[in-house]
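Got your viewer open and a selection box ready? Let's walk through this one together, stop by stop.

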Amino acid sequence: MKKNLILCIVFLMVILYAGCGTKTGNGGNPGSVNNPGSSGVIVTATQVSQDENAPDFNHGHSILERADFDPDEIRRSTDILIHNENEALKFLQDSFTYNQKIYTLELTDTSVNDPGAYMWYEFTVFYDGIPVENSEFKVIAFTDGTIAEGRIEFFRCSLTDRKNLLSHDEALELFLQNSGDDRDYIYQDEHYLFVKQGVCPYVYVYRFENGKLGENITLSLNAETGEMVGYRPDAIID
């Protein structure tokens, strides 16, 4: 009797242990993407493939809701369905040709946790490990199709040679001298910036904050010349 009781206890322990194990394969391993980029955003994305028969598959939106073509639309397919960010990246990479040895596309935003929006994955171009602001590409995943959007003219852009840069202190000093601005800016970040003129300058980003919402500013300067290329107040107050 005692022997049978011990065997039963061992059997129950084996069942409980098996039930607590970690799944593997497509349904098992959540992944995270940590790309601070120019905004310091950390994107956490799931690797679990979605079930096409589920009512909330790709947030339940049909590609027919996007009947009008966006000017930045690159590709539209009703044959390919996207289930996760890996498939979204492959769809994007297959949509146009670019030098994958020089550029990488990295997930920097997604609506995976916003069921009220279209299901989309946003990828930023990185050059030499550095993000390029305004280079974002988006894959929109529907229940019955997929759309890729972005500005492929980026890949004809000329990127600044970083060998000829001022220091971020020198660039700021030049700007202050030439503009007459006397605010106390603090260096924050640096990255490339894609502009329509076909040139991607390297920029330094600074912040001015004095506790007043209408006066807080993000300033971007060309790292070669100290010229202003971006000026964004936190808020515009009439």
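What follows is a tour that begins with the whole chain and then moves from one selection to the next.

**The whole chain**

Keep in mind that this is a predicted model. Switch on a cartoon view to find three helices and 14 strands. Of the 238 residues in the protein, 38% are buried. Now try a surface: the protein exposes about 14400 Å², and carbon and sulfur atoms supply 52% of that area. For contacts with a separation of 6 or more, 51% are between residues 24 or more positions apart.

**Stop 1: H61**

Select H61, in the loop between β2 (43-45) and β3 (73-77). Is H61 buried or exposed? With a relative accessible area of 17%, H61 is buried, because the cut-off for that class is under 20%. Show side chains here and look for E65: its side chain makes a polar contact with the side chain of H61 at 2.9 Å. Then expand the selection beyond the neighbours within four places in sequence. H61 is in contact with G116, A117 and Y118, and also with F142, T143 and D144.

**Stop 2: E149**

Next, pick E149 in strand β8 (residues 146-149). E149 has a relative accessible area of 13% and is buried. Which side chain makes a polar contact with the side chain of E149? Look for R66, at 2.5 Å. R66 is also among the residues in contact with E149 once neighbours within four places are left aside; the others are D70, D72, E73, I74, F137, K138 and I140. For a distance label, try E149 to L92: the two are 57 residues apart in sequence, and their C-alpha atoms lie 8.6 Å apart in space.

**Stop 3: strand β6 and its partners**

Select residues 130-133, which form strand β6. I130 and V132 are on one side, P131 and E133 on the other, and all four are buried, so both faces of the strand are covered.

Add residues 119-127 to bring in strand β5, which pairs with β6 in the antiparallel sense over two bridges. In one of these pairings, Y127 has I130 as its bridge partner. The two strands form a hairpin with two residues between them, and D128 in the turn has a positive phi of about 55°.

Now add residues 186-193, strand β10, which runs parallel to β6 and is joined to it by two bridges. Here V132 stands opposite Y192.

**Stop 4: salt bridges**

How many salt bridges are there? The count comes to nine, and three of them make good stops on this tour.

Stay at the hairpin turn for one of them: R162 forms a salt bridge with D128, with the closest N and O atoms 2.8 Å apart. R162 lies in the loop between β9 (158-159) and α3 (168-179) and D128 in the loop between β5 and β6, so the pair ties together parts that are 34 residues apart in sequence. R162 counts as partly exposed at 31% relative accessibility.

Return to β6 for another, where the side chains of E133 and R232 meet at 3.7 Å, N to O. This pair links distant parts of the chain, with E133 in strand β6 and R232 in strand β14 (residues 228-233), 99 residues apart. E133 counts as buried at 17% relative accessibility, whereas R232, at 43%, counts as partly exposed.

Then show E209 and R207, whose side chains meet in a salt bridge at 2.7 Å, N to O. Add D234 to the selection as well: salt bridges with shared partners join R207, E209 and D234 into one network. E209 is exposed at 55% relative accessibility, while R207 is buried at 14%.

**Stop 5: strand β12**

R207 leads into the last selection, residues 202-208, strand β12. Why can β12 be called largely enclosed by the rest of the structure? Seven of its seven residues are buried, so the strand is largely enclosed. Y202, Y204, Y206 and F208 point one way, and V203, V205 and R207 point the other way.

Finish with the strands that pair with β12. β10, already seen beside β6, pairs with β12 in the antiparallel sense over six bridges, and I186 stands opposite R207. Strand β13 (residues 217-222) also pairs with β12 in the antiparallel sense over six bridges; there, V205 has S220 as its bridge partner.

Note on methods
Residues are numbered from 1 along each chain as its sequence is written. This is a predicted model: local features need pLDDT of at least 70, side-chain atom pairs count only at pLDDT 80 or more; totals for chains, interfaces and linings use all residues. Side-chain values use heavy atoms; hydrogens and water are left out. Buried means under 20% relative accessible area, exposed over 50%, partly exposed in between (1.4 Å probe, protein chains only). Contact means heavy atoms within 4.5 Å. Accessible areas come from the Shrake-Rupley method with a 1.4 Å probe; for residues, only the protein chains shown count as cover. A polar contact is a pair of N or O atoms within 3.5 Å; within protein, one must be able to donate a hydrogen and the other to accept it, and residues adjacent in sequence count only if both atoms are side-chain atoms. Two strands pair if DSSP finds at least two bridges between them. A salt bridge is a side-chain nitrogen of Lys or Arg within 4 Å of a carboxyl oxygen of Asp or Glu.
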